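Reader: I have a chain on my screen and would like to walk through it with you. Could we take it one question at a time?

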Amino acid sequence: MGILTDGITGHVRGKVGGVVFYTANGQNIARSLPRATRKKRKPTELQALQRERFKVVQDWLRPLLRLVKVGFGKYAPPRTGHNAAMSYNLTHAVIYNEEKSRYEIDPAAFAFSGGPLPAPLDASAVQDGATVRFTWKSPGGRDIRYTTRTMLLLYNPGSSFCRYKTYGKGGGEDTLPIRGYHPGDTCHAYMAFIDEETGAVSDSVYAGTLVLDAFET
């Protein structure tokens, strides 16, 4: 509480709201009080688990931001591609590893795109020297449209680097160079379709795991 020491026009002493009044060297001085720091509440067990799951997906997506921007860009407007990818993979790709007591991504359930185009069938990937060769069957045995191209991804979890292609080939075969990776790396291969005219995409599919052999660049 502030006190008027010499009437309404005199000096004020004490606290008024967030201000402290005091007299020094004959002058009436006002000083604001420091803001009280809020104590951070310890998250509940459920909040801590949710944050852990969120971080797992966020870390996995970090090297793929440009790819999921295209792959999930039209999945759930007005969400961004990144937000849609976060939501999808939080729901479908996060598993709990009992042995390691932590959440992880199930590589086979992960997706980098989602959309209305028919997805590739029987997709597979094998190393061929310094490239990875992707093969697949067209949906329903039909040739894909001439405007439809591949989206390819070769991903080494835990690395800040990844190799992908946004607009690849049509037909039933395409390749992705593996420069930037190293022999012995365990990589996961994925593919999807994209229409170069409309930007429509298919759901991505898992094409398998590769442990890279020695290769020349």
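Reader: Does Phe72 count as buried or exposed?
Author: Keep in mind that this is a predicted model. The cut-off for burial is under 20% relative accessible area. Phe72 has 1% relative accessibility, so Phe72 counts as buried.

Reader: And which class does Tyr88 fall into, buried, partly exposed or exposed?
Author: Buried residues are under 20% and exposed ones over 50%, with partly exposed in between. Tyr88 has a relative accessibility of 23%, so Tyr88 is partly exposed.

Reader: How many aromatic pairs are there in the whole structure?
Author: Happily, the whole structure has been searched for them. That search gives a total of 10.

Reader: What kind of pair do Trp60 and Phe110 make?
Author: Their ring centres are 5.6 Å apart, and the planes meet at 55 degrees. Planes under 30 degrees apart would be stacked and over 60 edge-to-face. The pair of Trp60 and Phe110 is therefore tilted.

Reader: How many residues apart are Trp60 and Phe110?
Author: Trp60 belongs to helix H1 (residues 45-61). Phe110 is in the loop between strand S6 (102-105) and strand S7 (121-128). The pair links distant parts of the chain, and its two members are 50 residues apart.

Reader: Are Trp60 and Phe110 buried or exposed?
Author: Here one word does for each of them. Trp60 and Phe110 are both buried.

Reader: What kind of pair do Phe72 and Tyr88 form?
Author: The centres of the two rings are 5.8 Å apart. Their planes are at 40 degrees, so the pair of Phe72 and Tyr88 is tilted.

Reader: How many residues in sequence separate Phe72 and Tyr88?
Author: Phe72 is in the loop between helix H2 (65-71) and helix H3 (81-92), while Tyr88 is in helix H3. The pair therefore ties together parts of the chain whose separation in sequence is 16 residues.

Reader: Which residues make up the aromatic cluster with Trp60?
Author: Phe110, already met as the pair partner of Trp60, is in this cluster as well. The full membership is Trp60, Phe110, Tyr155, Tyr190 and Tyr206.

Reader: Which residues line the largest pocket, and which element gives the largest share?
Author: Trp60 turns up again here, with Val56, Asp59, Arg102, Tyr103, Glu104, Ile105, Pro157 and Gly158. By class, this lining has five nonpolar, one polar and three charged residues. H1 and S6 are the elements that give two or more residues. The largest share, four residues, comes from S6.

Reader: How much space lies in that largest pocket?
Author: A general point helps first: rolling a probe the size of a water molecule over the atoms shows where empty space is left. For the largest pocket, the space comes to about 200 Å³.

Reader: What does Ala125 contact, beyond its neighbours within four places in sequence?
Author: Ala125 is in strand S7. Its relative accessible area is 11%, so Ala125 is buried. Its contacts beyond those neighbours are Val132, Arg133, Phe134, Ala189, Ala207 and Leu210.

Reader: Which residues does Leu152 face across S12 and S10?
Author: Strand S9 (residues 148-155) pairs with strand S12 (residues 186-195) in the antiparallel sense over eight bridges. S9 also runs antiparallel to strand S10 (residues 163-165), with three bridges joining them. The partner of Leu152 in S12 is Met191, and in S10 Leu152 stands opposite Lys165.

Reader: How many residues of strand S9 are buried?
Author: Strand S9 has eight residues and is mostly covered. The number buried is seven.

How values were computed
Residues are numbered from 1 along each chain as its sequence is written. This is a predicted model: local features need pLDDT of at least 70, side-chain atom pairs count only at pLDDT 80 or more; totals for chains, interfaces and linings use all residues. Side-chain values use heavy atoms; hydrogens and water are left out. Rings of Phe, Tyr and Trp (its six-membered ring) pair if their centres lie within 6.5 Å; planes under 30 degrees apart count as stacked, over 60 as edge-to-face and the rest as tilted. Buried means under 20% relative accessible area, exposed over 50%, partly exposed in between (1.4 Å probe, protein chains only). Contact means heavy atoms within 4.5 Å. Two strands pair if DSSP finds at least two bridges between them. On a 1 Å grid over the protein atoms alone, a cavity is a set of points where a 1.4 Å probe fits but cannot get out, and a pocket is an open set with protein on both sides within 12 Å along at least five of seven lines; lining residues have an atom within 4 Å of a point. Grid points are joined across faces, edges and corners, and a volume is the space filled by probe spheres set on the points. Ala, Val, Leu, Ile, Met, Phe, Trp, Tyr, Cys and Pro count as nonpolar, Asp, Glu, Lys and Arg as charged, and the others, Gly among them, as polar.
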